[in-house]
Structures are given as C-alpha cells and as structure tokens.
Amino acid sequence: MTFNRKVCRTGKTWAFKSFVSHHTEINRIYWAFVPAWSYVDYKVRHEKNKDLKSLLKASGPNVRRIAENLNQFKKDSDDLANWLRLSVMMSAVSYFEIYMKRAITLSLLSDPAARFGKPGFIDGTIWLKNGIKENLNDLIIPCIKGVWSSRINNLEKLLGRQVPDFIYGNIKILEDIRTKRNKVAHSFGRDGSDKDIELIIPKTEETIKLKEKKLLEIMQSIFDISSCLDSNFFLFHIGSFEEIIYYHDFKFKHSYYKKNKSPSDFRKYFNAMSFGMQTPISTEYAKSLIKYYENI
C-alpha cells in the first residue's frame, strides 16, 4: 500500500480516534459505578429492617457521615447516581467539542482555500512546509459555540460543503444536549436563578434530573454524530494530512534522521509512537509518504 494524500488510510481521522478513546474511558468509568450502586440500592431496598451501617459493612472514622435514616440514605444514593450521570454528560459534550475544534482546524490547515470556495485548490502541505501560520480561532469558535443551527450554518460557510443530512436530522437532539449541558455547567445541576448576593438562606433548588436511559441516548447520539461528520464531511478536506503533519514534526525534531533520511527510521518511529491509535505502516508506505512531502 502506498501513500494517498486525498484518502485517509484508516478511514477515520486521528482526532476522531482520540474522541473514541475518551468516549470509551468515560463509559468504562460509568459502568464500573453502575453495578456497585445497583447492588447497594438492592440491599437497602430489600433489607430495610437491618441497621444501615451493618448492612453496608461500613466502618472507620468517616462512618458517621453516612445518613442514619434509611430513606435519607436512599435519596443521597439516588442523587449521587444522578450527579454522576450529569458529570458523564458534561465530559462527553466537552470531548465532543474538542473533537469538533480539532477536526475543523485540521480541515482548514489541510485545505486552506476551502474557506474561499475553492476546496482542493491549495494543498496545506505547501503552507506547512513553508511555515505559513495563522490564528484560526475567530473562524472556528462560531462553529463550536451557540445554537446548533447557527453552528452548522457557519461550518458550511467556512468549508463550502453541506453537512450530511443525518446531522440536520439530529439538530433537535444536539440542541437538547446543549441546553442540558449549559444548565448543569452554569448552576452545578441546579435549576435556580443566578444571584450575586443572597439576603436569605434559600431553599435548595431541585437538581436537574438525568435518567440512565436518556444519558445512553445522549452518549450514542454524540458518538453517531461525530462518526458521521468525520467520515462524510471532515475527511473530504483532511485526507491523510495528519500523517503529513506527523512526518513534518518528525523530520525537524530528529537530527539523526536529517543525516540518514531513512524511510525505515520514520516507519519505526511512527509505529512505536502512535499509541495503538493507528495500524502500523510499512517501509513502502513511509517511503511514498516522504516522497510526496518532499516533492510537492
């Protein structure tokens, strides 16, 4: 297999694979909690006549912090589960936005003329080799902040392509996720108004509720939307540009390579440093990648 600038060798960007890594990690953490919480919840509900601390086999200096009342403990436990679900949602939205920012940045770097309605007219490799840099934040922020109809509109204007129909079909879901995320972020899961000064001790506002079924729907939607954008929108502009960046960085950081210029050296480095996110490349592939970069 030889290097092809327009085609991503693995079918997904490295940015998306990083997203998947975070998505997998947060799922593992959540599902480590669920069986433990479910077991305690079951024991408390079915053995109500037992002393709570004995039932939980709780001991140590902090045992006094556990609620004495069974109903209060059940409420505290349920609130903990809800709080964790809200936290998982917050994390998922955060790494989703990080993915979006990385993918848009890569698209602009790889295909710099796209924003002028000329996709593919300039290969970003040329700009990379010649050290042409620019601040892209003002272009990117409107695509990752605000209501989703506006984000998508700005994204299409920026890269000159319509996002897949699947994304349009999920705008309502994206807006629901954005609204929930903002409520949690701005008020720690409370649905109260913001006040700089409290003149009386307020009654605690009701916590925003997020059921497990809804959380799973949110997590699946975030994954499906990211995957769709990656395969059907961003890769059109990015191609194999991430491997170009990787080689560019390798070339200027390793003095040994500058003297020997061995494709085999680059292959070994690439395969060792891709942290399992990439399938290994052959020396033939490394050689064709280097040839493309050097000759453009």
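**View 1. Accessible surface and overall make-up of the predicted model.** The chain exposes an accessible surface of about 17,300 Å², and carbon and sulfur atoms contribute 56% of that area. Among the 296 residues, 39% count as buried. The secondary structure comprises 13 helices and zero strands. Of the contacts in the chain with a separation of 6 or more, 72% are accounted for by residues 24 or more positions apart.

**View 2. The buried side of helix H5.** Helix H5 spans residues 137-144, and Ile140, Cys143 and Ile144 are buried within this helix. These residues lie on the same side of H5 because they cover an arc of only 85° around the axis. The packing partners of the buried H5 residues are helix H3 (70-110) and helix H6.

**View 3. The residue Gly146 after helix H5.** Gly146 follows H5 and has a positive phi, near 90°. Helix H6 covers residues 148-159.

**View 4. The surroundings of Leu159 in helix H6.** Leu159 belongs to helix H6. With a relative accessible area of 0%, Leu159 is buried, since that value falls under the 20% limit. Residues up to four places away in sequence aside, Leu159 touches Ser107, Leu108, Ala114, Phe233, Phe234 and His237.

**View 5. The pair Leu159 and Gly117.** Leu159 and Gly117 are 42 residues apart along the chain, and a distance of 7.5 Å separates their C-alpha atoms.

Notes: Residues are numbered from 1 along each chain as its sequence is written. This is a predicted model: local features need pLDDT of at least 70, side-chain atom pairs count only at pLDDT 80 or more; totals for chains, interfaces and linings use all residues. Side-chain values use heavy atoms; hydrogens and water are left out. Helices (H or I, at least four residues) and strands (E, at least two) are DSSP runs, numbered from the N terminus. Buried means under 20% relative accessible area, exposed over 50%, partly exposed in between (1.4 Å probe, protein chains only). Contact means heavy atoms within 4.5 Å. Accessible areas come from the Shrake-Rupley method with a 1.4 Å probe; for residues, only the protein chains shown count as cover. The arc is that of the directions from the helix axis to the C-beta atoms.
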